[in-house]
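Please work through the exercises below with the sequence and the 3D structure open beside you. Each task is followed by a solution that goes step by step.

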Number of protein chains: 2
Amino acid sequence: MPSTQNPYHQLQQFISAAMPIDDEQLDIFCKKFRHKTTKRNEILLQAGDIAPYIYFVNSGCLRVFMLDVNGKESTRFLVTEGRFGTAFPSFNLQEPSLAAIQSIEPSDVLYISQHDFHALLDTFPGWEHVYRISLEKDYIASIKRIESLITMDAKQRYQLLMETSPTLIQRLPSKIIADYLGISQETLSRLKSKR
Amino acid sequence: MPSTQNPYHQLQQFISAAMPIDDEQLDIFCKKFRHKTTKRNEILLQAGDIAPYIYFVNSGCLRVFMLDVNGKESTRFLVTEGRFGTAFPSFNLQEPSLAAIQSIEPSDVLYISQHDFHALLDTFPGWEHVYRISLEKDYIASIKRIESLITMDAKQRYQLLMETSPTLIQRLPSKIIADYLGISQETLSRLKSKR
DNA sequence: GTGGCTTATTGACAAATGTCAATAATTTAC
DNA sequence: GTAAATTATTGACATTTGTCAATAAGCCAC
């Protein structure tokens with residue numbers, strides 16, 4: 001696994017594929033990120049705190065989830081290898097987060113503070129462009145999720161997820177898949193058994 | 001109503017408040033947009049077509065909605081005065097749209113092609129920044145909508161909408177509010193009567 | 001490897017929401 | 001202003017999904 005040798009390898013690939021940048025600048029860019037490995041189920045952000053960091057996942061999986069007063073969890077977002085993720089409303093607006101962040105697998109991540117992240121936008125002319133494109137993609141993904149939630153029933157949403165992200169379903173415990181789909185664990189279990 | 005005198009007035013306000021720009025440049029910017037008034041229920045984009053335009057609403061209200069095989073409509077997005085809106089995935093990726101766009105009130109709008117819109121990003125240095133900030137806001141709004149859909153029941157979602165957008169509820173037919181909340185018209189009617 | 005904890009499955013039932021139909025109220029178009 | 005169309009409400013019932021509980025299966029830590 002490359003990340004054990006150079007934790008910045010994947011981020012370097014990501015950035016240099018997205019915008020023209022020379023090696024020296026790329027190094028300066030990446031060094032703004034710090035490196036961390038996490039344990040299974042480690043909490044990276046408590047609900048109620050202000051999200052200080054955005055993460056880039058080298059390996060593993062982060063989960064952004066909410067916990068209601070009855071203890072019911074709802075997974076808002078899942079972040080796997082090669083992707084950025086955080087509790088976005090909190091990170092962006094620097095207000096207390098409704099959601100917590102947890103690494104559901106032992107993970108290898110880079111992270112950068114909100115201040116440094118925004119400083120990159122000023123320092124690297126191409127970065128605002130790359131970030132904007134990335135926002136467009138994330139926004140489209142969230143629109144598609146809204147569509148599925150308002151137009152599909154539980155079974156259709158599960159089938160859609162099987163088509164679009166079969167690896168997620170294999171990889172994650174089904175209680176988390178159920179949370180993500182907005183249905184109960186029992187309903188998901190029944191969907192799976194009844195064809 | 002200012003828009004009857006100068007249809008660009010509101011867009012000028014919007015842009016000059018968001019980025020430093022002199023009057024001449026502002027004029028060049030705004031003239032990339034064309035002006036149109038719509039009739040009630042006029043369809044601006046058919047589902048299946050590629051969204052050519054993004055709209056800026058001077059007055060009235062646009063609705064981005066999906067229609068399933070059984071004729072059930074689901075409202076994905078509502079766009080009111082002073083806001084940009086389109087069938088975003090289609091406009092951005094230039095692929096056929098799952099959603100249609102309709103002006104549910106007689107409306108006064110500006111519109112610009114995808115090509116011209118992106119050309120503005122190159123021509124006006126500040127515009128990429130303003131657009132990025134706007135994307136962040138829209139993305140956050142969509143995350144909050146996902147949260148409400150996966151954590152709240154119909155009554156809670158309706159109460160939330162009453163708190164955050166009371167004017168929308170007054171202004172739009174309740175069948176559209178119901179579509180937007182992802183519930184049936186009858187369920188919404190019952191929620192309203194039962195306190 | 002074993003014990004203990006977490007997760008998954010299944011059943012019985014309850015609650016929420018949808019569907020269909022009939023009627024009432026409202027709005028629109030002319 | 002009036003007729004026609006659309007929208008809203010309400011009832012009866014069906015369906016979906018959730019909840020609780022019991023058990024089974026899987027997995028993790030030591």
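The exercises concern a predicted model, and they go from confidence and symmetry to sheets and helices.

**Exercise 1. Find out what confidence chain A carries, and which of its elements have the lowest and the highest mean pLDDT.**

Solution. Begin with the chain as a whole: chain A averages a pLDDT of 93, and 97% of its residues score at least 70. Then turn to the elements of chain A, among which helix α1 (residues 2–5) has the lowest mean pLDDT, 52, whereas helix α4 (residues 88–93) has the highest, 98.

**Exercise 2. Determine how chain A is related to chain B, and through which surface the copies meet.**

Solution. First superpose the chains: a rotation of 180°, with 0.0 Å of shift along its axis, brings chain A onto chain B with an RMSD of 0.0 Å. This is the relation of a two-fold axis. Next compare the interface residues: 100% of those of chain A are also interface residues in chain B, so the copies meet through the same surface.

**Exercise 3. Trace the open sheet of chain B that contains β1 and β8, and place the helix that packs on it.**

Solution. Start with the strand order, which is β1-β8-β3-β6 in chain B, with antiparallel pairing. The edges of this sheet are β1 (34–38) and β6 (84–85) of chain B, each of which pairs on one side only. Now follow one pair in detail: β1(B) and strand β8 (residues 107–113) of chain B run antiparallel and are joined by five bridges, and B:Thr38 stands opposite B:Ser107 in β8(B). Finally add helix α5 (residues 114–123) of chain B, which packs on the sheet by touching β3 (53–59) and β8 of chain B, its direction making about 70° with that of β8(B).

**Exercise 4. Do likewise for the open sheet of chain B that contains β2 and β7.**

Solution. The four strands follow the order β2-β7-β4-β5 in chain B, and their pairing is antiparallel. The edge strands are β2 (42–45) and β5 (73–80) of chain B, since each is listed as pairing on one side only. On average, neighbouring strands of this sheet are turned by 30° against each other, direction ignored. Between β2(B) and strand β7 (residues 100–103) of chain B, which run antiparallel, there are three bridges, and B:Leu45 has B:Ile101 in β7(B) as its bridge partner. Across β4 (61–67) and β5 of chain B lies α9(B), running at about 105° to β5(B).

**Exercise 5. Describe how α7(B) and α9(B) pack, and which residues meet there.**

Solution. Take the geometry first: helix α7 (residues 154–164) and helix α9 (residues 174–181) of chain B pack at an angle of about 115°, with their axes 10 Å apart, and the crossing is right-handed. Then list the contacts: B:Arg157, B:Tyr158 and B:Leu161 in α7(B) meet B:Ile177, B:Tyr180 and B:Leu181 in α9(B). Sorted by class, this contact has five nonpolar residues, no polar residues and one charged residue.

Note on methods: Residues are numbered from 1 along each chain as its sequence is written. Chains are lettered from A and ligands numbered from 1 in the order in which they are written. This is a predicted model: local features need pLDDT of at least 70, side-chain atom pairs count only at pLDDT 80 or more; totals for chains, interfaces and linings use all residues. Side-chain values use heavy atoms; hydrogens and water are left out. Axes are lines fitted to C-alpha atoms, for helices over the stretch in contact, and angles run from 0 to 180 degrees between N-to-C directions. Helices (H or I, at least four residues) and strands (E, at least two) are DSSP runs, numbered from the N terminus. A crossing is left-handed if the near helix is turned anticlockwise from the far one by less than a right angle, and right-handed if clockwise. Contact means heavy atoms within 4.5 Å. Ala, Val, Leu, Ile, Met, Phe, Trp, Tyr, Cys and Pro count as nonpolar, Asp, Glu, Lys and Arg as charged, and the others, Gly among them, as polar. Two strands pair if DSSP finds at least two bridges between them. pLDDT is the predictor's confidence in each residue, from 0 to 100. Copies are superposed by least squares on the C-alpha atoms of residues with pLDDT of at least 70 in both.
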